[in-house]
Amino acid sequence: MPELPEVETTKRFLSRKIVGKTIKKIEVLSTKQLIGDTKLVINRKILGIDRRAKILIVCLENKIFLLIHLKLTGQLVYSGSSGEREVVFGHPIPLAGGNVLPGRSTRIVIYFNQGILFFNDLRKFGWIKIAQNSKVKDQNLEKLGTEPLSKDFTPKLLAKILSRSRRPIKLVLMDQEKIAGIGNIYANDTLWEAGINPRKPANQVKRVKELCLAIKKVLKEGIKYGGSSTDDEAYIKPDGTPGQYQYQARVYQRDGQPCRQCGTLIQRTKISNRGTFFCPKCQK
DNA sequence: AGTATCCTGGAA
DNA sequence: TTCCAGGATACT
């Protein structure tokens, strides 16, 4: 999905709804997006949900895990109003946000003893992997970098990471093997918050302490506002309603609008083919 | 370090 | 008809 704040929002919502419930059935409508043996999870109870970077980790009984990555357009939407049903496609469920499920981009449906979880993904890049005895789990998580909201993520560590690369700072912030969970939205906004130009070579960045604080501040704000929903086919919260961070965005998708600090028009460019937004006056 | 690629659909 | 999109990886 979406990025750390969106996955964290999803994790918190789903934790309240599905922990303690038992998976009764999984319907796979897009075969290549479900990796592993679905039989492993049937009749297993959910013990808890974790997040690592942008990956959601559903922990089941017997050391079975469901790893979920929503990539660009994944959504997890929960409906508690219905129990197990044989044919959900004959019985659309209305949601708070005005959507109806299952929809045209519904790819996987997970039925609990009470409630249904829909995995929607327009572009089909996302996946759900079933891991046993931590094997697949470790494989997917071992290369990830430091969690930016952990206490391990200090200005000192960030300085070390930045000193090792001459790539544009924005790309280093988005490198999951260095810092885990920042994507395009929050990389753009973090750099505005710290007053750093996204093209600045990482090893030339001087305001490291400010950048470290900006990363934590912007990500926490993303979580506080329930993530960013800029397009209704992309991220929405598990209750079907949109997040609110997009209204707080510093620069992301604000090209042509005035900088919140100096009024200069926000510019748009490309770095490594990704849309990049910045204030030419505030970010040097 | 840069580019192509997995997909789909809406906008320009 | 072409371009664009929140991600990540496998290639030159």
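1. In this predicted model, a phosphate oxygen of DNA strand B sits 3.3 Å from a polar atom in the side chain of Lys124. Arg104 also addresses the backbone of the strand: one of its polar side-chain atoms is 2.8 Å from a phosphate oxygen of DNA strand B.

2. Arg123 makes a contact with a base. An N or O atom of the Arg123 side chain lies 3.2 Å from a base oxygen of DNA strand B.

3. The residues around DNA strand B are Lys32, Arg104, Leu122, Arg123, Lys124, Phe125, Arg167 and Ser272. Of the strand atoms that come within 4 Å of the protein, 58% belong to sugar and phosphate. Sorted by class, this surface holds five charged residues, two nonpolar and one polar.

4. Helix α6 covers residues 208-224, 17 residues in total. From first C-alpha to last the helix reaches 24 Å, close to the 24 Å expected at 1.5 Å a residue. After α6 comes Gly226, with a positive phi near 75°.

5. Which residues of α6 are buried? They are Val208, Leu211, Cys212, Ala214, Ile215, Lys216, Val218, Leu219, Glu221, Gly222 and Ile223. The list includes Lys216 and Glu221, and both residue types count as charged. An α-helix has 3.6 residues a turn, so residues three or four places apart point the same way. Among the buried positions, Leu211, Ile215 and Leu219 follow such a spacing.

6. The cover over the buried residues of α6 comes from several helices, including α1 (4-18), α3 (155-163), α4 (169-173) and α5 (184-194).

How values were computed
Residues numbered from 1 in each chain as written. Chains lettered and ligands numbered in written order. Predicted model: local features only at pLDDT ≥ 70, side-chain atom pairs only at ≥ 80, totals over all residues. Heavy atoms only, no water. Helix = DSSP H or I, 4+ residues; strand = E, 2+ residues; numbered from the N terminus. Expected span 1.5 Å × (residues − 1). Buried < 20%, exposed > 50% of the residue type's maximum accessible area, 1.4 Å probe, protein only. Contact = heavy atoms within 4.5 Å. Near = heavy atom within 4 Å. Polar contact = N/O pair within 3.5 Å; in protein donor to acceptor, adjacent residues only side chain to side chain.
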